[in-house]
Amino acid sequence: MQIKELARATGVDVETIRFYEKEGLLPEPARLDNGYRNYAQPHLERLSFIRHCRALDMPLLDVKRLLGFVDDPSGHRVNVDQLVDEQLSRVRARLKSMRALEKQLLQLRSRCDGEHEAGAPCGILDELVSAAHGEACACHPDH
């Protein structure tokens, strides 16, 4: 199949496929007489594997390492477990950060009752302007 067909089959952009080839994640396909790339089933499966890992938000370096384990599966289970554990740690840290962000936004949102007349002061804007001046605000009281 040509690159456009591979892109359509996997939902991965053509430029991303070329990038993965350049980075060594996806082997370069054979070329047809006209110079077009000719992808086969193994390319589709490997690209689907990469796409699934990226959907789990795994960094490309980890995806590359996982592909190495797929290519040579002898005795690497501990390393695979470690990669997944590290990804879980990153996700948990981001969740914690997102919960803190949610709390900050809720505090900021509490400064506004939602109903403003034209020209009336807005509690949210007042807080954001205060923060821009380096003053404490509802979402960052420590400043």
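**Entry 1: Val91**

I began with Val91, which lies in helix 5. I kept in mind from the start that this is a predicted model. Is Val91 buried, exposed or partly exposed? I found a relative accessibility of 28%, so I noted Val91 as partly exposed, since that label covers values between 20% and 50%. I then looked along the chain to Leu125, 34 residues from Val91, and found 32 Å between the two C-alpha atoms.

**Entry 2: further along helix 5**

I stayed with helix 5, residues 77-109, because I wanted to look up Leu101, which has its place there. Leu101 comes out as partly exposed too, with 36% relative accessibility. Which residues join Leu101 in a nonpolar patch on the surface? My note says Met98 and Leu105, and the three together have about 280 Å² of accessible area.

**Entry 3: the core**

Next I turned to the largest nonpolar core, which has 19 residues. Which of its members touch the most others? I wrote down Ile17, Tyr20, Leu47 and Val63. I also checked where the core residues come from: helix 1 (3-10), helix 2 (14-22), helix 3 (41-55) and helix 4 (60-71) each give at least two of them.

I picked Leu47 for a closer look. Leaving aside residues up to four places away in sequence, I listed its contacts as Leu6, Thr10, Val12, Ile17, Tyr20 and Leu26. Two names on that list, Ile17 and Tyr20, I had already met among the core members that touch the most others.

**Entry 4: Thr10**

Thr10 was on the Leu47 list, and I found Thr10 itself in helix 1. Is Thr10 buried or exposed? Its relative accessible area is 6%, so I put Thr10 down as buried, given that the cut-off is under 20%.

What does the side chain of Thr10 reach on the backbone? One partner is the backbone nitrogen of Val12, at 3.4 Å. A polar atom of the Thr10 side chain also sits 2.8 Å from the backbone oxygen of Leu6. Again skipping residues up to four places away in sequence, I noted that Thr10 touches Leu44, Leu47, Ser48 and Arg51.

**Entry 5: Asp57**

My last stop was the loop between helix 3 and helix 4, where I found Asp57. Its phi caught my eye: the value is positive, about 65°, although Asp57 is not a glycine. How accessible is Asp57? I read 38% relative accessibility, so Asp57 goes into my notebook as partly exposed.

Methods: Residues are numbered from 1 along each chain as its sequence is written. This is a predicted model: local features need pLDDT of at least 70, side-chain atom pairs count only at pLDDT 80 or more; totals for chains, interfaces and linings use all residues. Side-chain values use heavy atoms; hydrogens and water are left out. A nonpolar core is a set of buried Ala, Val, Leu, Ile, Met, Phe, Trp, Tyr and Cys residues joined through side-chain atoms within 4.5 Å. Buried means under 20% relative accessible area, exposed over 50%, partly exposed in between (1.4 Å probe, protein chains only). Helices (H or I, at least four residues) and strands (E, at least two) are DSSP runs, numbered from the N terminus. Contact means heavy atoms within 4.5 Å. Patches are made of residues with over 30% relative accessible area and no salt bridge: like charges are joined within 9 Å, nonpolar side chains (Val, Leu, Ile, Met, Phe, Trp, Tyr) within 5 Å. Accessible areas come from the Shrake-Rupley method with a 1.4 Å probe; for residues, only the protein chains shown count as cover. A salt bridge is a side-chain nitrogen of Lys or Arg within 4 Å of a carboxyl oxygen of Asp or Glu. A polar contact is a pair of N or O atoms within 3.5 Å; within protein, one must be able to donate a hydrogen and the other to accept it, and residues adjacent in sequence count only if both atoms are side-chain atoms.
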